[in-house]
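Me: Please take a close look at one part of this protein, the interior, and describe how its elements and side chains fit together. A connected account with explicit cut-offs would be appreciated.

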Amino acid sequence: MLSQTPAVIHAQPSESEQGARAAHEPLLVSIVINNYNYGHFLADAIESALSQSYAPTEVIVVDDGSTDHSREVIANYGDRIIPLLKENGGQASAFSAGFQKSHGQIIMFLDSDDMLLPNTAGAVVTAFEAAPGLSKVQFRLEIVDAAGHPTGSYTPPKKIPMPSGDLRRHTLLFPDDICSPPTSGNAFAASTLQQILPMPETHISKTGADLYLINLAPLYGSVVSLPIVGGRYRAHSQNHDYSTQINMDHLRRMIRRTASNHQFIVQHARQLGLPVVSDSAEILSVTYLASRLASLRIDPASHPLKEDTSTRLVWLGVKEASRRFDLPRHTRLLFMIWFVAAAVGPPRMTKWLFETAFFPEQGGGVHQLIHRLAR
């Protein structure tokens, strides 16, 4: 069991220091826009950052070696933004470079194809000021199409609750099952990012670096989920991390990326003196194991983890479902049934089960599916 007293982080300001600072000067919010060849979307992202009703803010635009007209768009804003033009190194390097350039106590990473709503920075600051010591504040995003028109969907879906509070135990046991928004729906304490950046680029792909931050931030302080829609998430053909149906290449990348992030969770937990799984075990989750089972059943020849078998994944899935202390007993049982059904049916059934459970646009998301079955 984790103790109720958070581990001491030397770079984290004390509550009295934070309170004194808040009483004398407003918190600076740094909005870091990371961009690579999204010049046709970039102006919308920059305008949304510059249009925040809260002040003070600074807008840093990191261009990761774009070959389109992105840098012309950036130049048009002059000294209204802080440009950072670098060679292509991937999203992980863009995050790290943008944070190094920032001056704020709160950092918001905004993907250049997304947008913030005008009052979002203010809502984030209010949350940080109300609870000193937070590591992260998160909020939902409205999904829009390439032209910016609402699709009627949200990420995460509105019917799936996002947790708040001390999520260290959740992170150590089932990090991938914690409901969190993608990059643009998160705001981090700079003191937290000081502990986890720069990001180890060699282990993280060109995209999806937000998972590293989302996985590690709860180890360094509590999380608050705001009951607001704070931005717009653009779904378009170039967005490789958004889909309404299974994409096997993306699924395999996610499996590899998740395995790497689990190693970082263990590393940071040990540095903080938090209890972790033994050296002979690994961090698992229902979502991670379901992804591995789907990959193995649908396309076994290309599955990235050669030691996996359906029998082993079902056993691990049942075991992990039983450890979900955040769910009622009947819901854990339904997760167990899902693993058995996904393993014994034909591959097309596994595909349908996975898409229905894990793609909100198809079946309402796994939590909604389980909720319907439980009634």
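Reply: Strands E1 and E2 run parallel and are joined by seven bridges; two strands are said to pair if DSSP finds at least two bridges between them. At one of these positions Val29 has Thr57 of E2 as its bridge partner. The model is a predicted one, in which local features need pLDDT of at least 70 and side-chain atom pairs count only at pLDDT 80 or more, while totals for chains, interfaces and linings use all residues. Residues are numbered from 1 along each chain as its sequence is written, and side-chain values use heavy atoms, with hydrogens and water left out.

Seven of the seven residues of E1 are buried, so the strand is largely enclosed by the rest of the structure. Here buried means under 20% relative accessible area, exposed over 50%, and partly exposed in between, for a 1.4 Å probe and protein chains only. Val29, Ile31, Ile33 and Asn35 point one way from E1, whereas Ser30, Val32 and Asn34 point the other way, and all are buried.

Helix H4 (residues 91-101) is also mostly covered, with nine of its eleven residues buried. Helices (H or I, at least four residues) and strands (E, at least two) are DSSP runs numbered from the N terminus. The buried set in H4 consists of Gln91, Ala92, Ser93, Ala94, Phe95, Ser96, Ala97, Gly98 and Phe99. These residues pack against strands E1 (29-35), E2 (57-64), E3 (82-86) and E4, and against helices H7 (190-196) and H8 (210-216), a contact being heavy atoms within 4.5 Å. The parallel pair E1 and E2 is therefore part of the surroundings of the buried residues of H4.

From H4, Phe95 leads to the aromatic side chains: ring pairs link Phe95, Phe109 and Phe188 into a cluster. Rings of Phe, Tyr and Trp (its six-membered ring) pair if their centres lie within 6.5 Å; planes under 30 degrees apart count as stacked, over 60 as edge-to-face and the rest as tilted. There are six aromatic pairs in the structure. In one of them, the ring centres of Phe109 and Phe188 are 6.2 Å apart and the planes stand at 55°, so the pair is tilted. Since Phe109 belongs to strand E4 (residues 106-111) and Phe188 to strand E8 (residues 186-189), the pair ties together parts that are 79 residues apart in sequence. Both rings belong to buried residues: Phe109 has a relative accessibility of 1%, and Phe188 has a relative accessible area of 2%.

Strand pairing extends to E9. Strand E6 (residues 136-144) pairs with E9 in the parallel sense over eight bridges, and Val144 stands opposite Arg234 there. Strand E5 (residues 115-116) and strand E9 (residues 223-234) pair in the antiparallel sense over two bridges, with Met115 opposite Arg232.

For the wider setting, the protein comes to 15 helices and nine strands, and 55% of its 375 residues count as buried. Among contacts between residues at least 6 apart in sequence, 75% join residues at least 24 apart. The pair of Phe109 and Phe188, whose parts lie 79 residues apart in sequence, is one tie across the chain.
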